Amino acid sequence: MAKGSVRKKGKKWYYRYYVEDASGNLVQKECVGTESKSETEKLLRKAMDEYEGQKVVAKTENITLGELLDVWAEEELKVSSLSNNTVTLYLGVVKRIKEHPLGKRKLKTVTSEHMQEYLDFLSFGGKAPNGTEARPLSIDRIHSFSAVLQRAFRYAVFPKKYITFNPMQYVVIRRPTQQVDLFGTGDEDVSQTKTITHEQFQKVTEYLKKKKSSSLLAIQISYYAGLRIGEVAGLSWSDVNLEEQHLTIRRSLNRNSTRHKLELGATKSNKVRIVDFGDTLAEILRKAKKEQLKQRLQYGELYKRNYYKEVKEKNRIHYELYSLDGTQEVPEDYKEISLVCVRKDGMYLGTDALSNMCSSIAKHVDGLEHFHFHLLRHTFTSNLLASGAPPKDVQELLGHSAVSTTMNIYAHATREAKRNSVRLLDKVAGND
């Protein structure tokens, strides 16, 4: 909104307000009014209203969808109450949309048909504008694109008034029809969540021990406690209670692709939770703690310590992670954090390093061609459900927002669990 004021020079009042020049800079424009202050103020309000109207028309004529997304991200998204993780996710979506030809289309020419076609492309895949074959996105990913477009277009309608209609209003998310093999001969249960056996897990640990990989501890923690990759990477020794055998999951370590920084942030559920663990993991953690103390002595002043730095941007706070050895000066605004999963020299073990090691496991360990870190969380949950753990307890251990989420993903976790369930009917029949 233009800002203005009035002032008296001689017998007459003058009004002035700021306008944008061709370069987008604000310059002052002054006009002569009347001998009446109130009448001059009316002229000022009229002039500013006309200017705002002309500016809206000009922007509507020239702004593209990509430019709208940039304005929305800067003025609305980054100052919203959404979590840092969600903001980072949405900024990634903005980047993807801008890379598509749709992002270069003039905003006033974007229709509901264009948006439906784009959402269908995300849902069904097909030929991408660059000539490559695009695979369908997951339903969660598509919902992220839909949310960004809905919010940005609403913002364009009001308060920006770039357009008068939200083209996403009547767009629906359509999914491919599931085809069932009616005459197949196999007995594979396609609904079954992928897991690994304990024998396969032992193969993984043997491979990592042979490589002397720093990723071993993170793999073991996730297998025995069901933590997400970022939660494992962000776990500190102050979060580990070896006496009562539980972990306090407070944070997650992830790379902010927009800011190009490694950051400590909230967990996916944006809540702190307690995860109990058994004697096996307790012994693993005790040994790891002793080993890290030994390595600290071996490296001496070259052993690295990990620090986080608080950075404020608008109304958002980021906690950037850094690593320094004993020869480097520690800035005053750095605060030390003693991470559990570190390299041999003490430096933090990021999620990229863990993901790369999982790719190496998939490549070199027989029978684990599809191995990835989240498979450990699946396995943890499947083992609990197959052993008869109450779903509500499993939900709380995993940090799911609702028990329905746990059951929708893991209810058909293992073949053996289903066999045990149906055999309960035999017991009922025997009691009759």
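**Exercise 1. Which residue of strand 7 does Asn241 stand opposite?**

Solution. The structure is a predicted model, in which local features need pLDDT of at least 70 and side-chain atom pairs count only at pLDDT 80 or more, while totals for chains, interfaces and linings use all residues. Residues are numbered from 1 along each chain as its sequence is written, and side-chain values use heavy atoms, with hydrogens and water left out.

Step 1. Strand 6 (residues 240-241) and strand 7 run antiparallel and are joined by 2 bridges; strands here are DSSP runs of E with at least two residues, helices are runs of H or I with at least four, and both are numbered from the N terminus. Two strands count as paired if DSSP finds at least two bridges between them.

Step 2. The residue opposite Asn241 is His246 in strand 7. The two strands form a hairpin with 4 residues between them, and Gln245 in that turn has a positive phi of about 55 degrees.

Step 3. Strand 7 is also joined to strand 10 (residues 273-276), by 4 bridges in the antiparallel sense, and there His246 stands opposite Asp276.

**Exercise 2. Determine which way the side chains of strand 7 point, and place Leu247 in its core.**

Solution. Step 1. His246 and Thr248 point one way from strand 7, whereas Leu247 and Ile249 point the other way, and all are buried (under 20% relative accessible area, with exposed over 50% and partly exposed in between, for a 1.4 Å probe and protein chains only).

Step 2. Leu247 is listed with Ile221, Leu285, Val340 and Phe371 as having the most contacts inside the largest nonpolar core, which has 46 residues; such a core is a set of buried Ala, Val, Leu, Ile, Met, Phe, Trp, Tyr and Cys residues joined through side-chain atoms within 4.5 Å.

Step 3. Among the elements that each supply at least two residues of this core are strand 7 (246-249), helix 7 (216-225) and helix 9 (279-299), and helix 7 gives the most, with 7 residues.

Step 4. Leaving aside residues up to four places away in sequence, Leu285 touches Leu217, Ile221, Trp237, Val240, Leu242, Leu247, Phe277 and Val340 (contact means heavy atoms within 4.5 Å). A second, separate core of 36 residues includes Val87, Val93, Val148 and Val171.

**Exercise 3. Describe how helix 7 packs against helix 9, and then treat helix 4 and helix 5 in turn.**

Solution. Step 1. Helix 7 and helix 9 pack at an angle of about 160 degrees, with their axes 10 Å apart; axes are lines fitted to C-alpha atoms over the stretch in contact, and angles run from 0 to 180 degrees between N-to-C directions. That angle makes helix 7 roughly antiparallel to helix 9 (over 145 degrees, with under 35 roughly parallel, 65 to 115 roughly perpendicular and the rest oblique).

Step 2. The crossing of helix 7 and helix 9 is left-handed, that is, the near helix is turned anticlockwise from the far one by less than a right angle, whereas clockwise would be right-handed. Contributors to the contact include Leu217 and Ile221 of helix 7, and Ile284 and Leu285 of helix 9.

Step 3. Helix 4 (residues 112-124) and helix 5 (residues 139-157) pack at about 160 degrees with axes 10 Å apart, so that helix 4 is roughly antiparallel to helix 5. Their crossing is right-handed, and the residues that meet include Met115 and Leu119 in helix 4 and Phe145 and Leu149 in helix 5.
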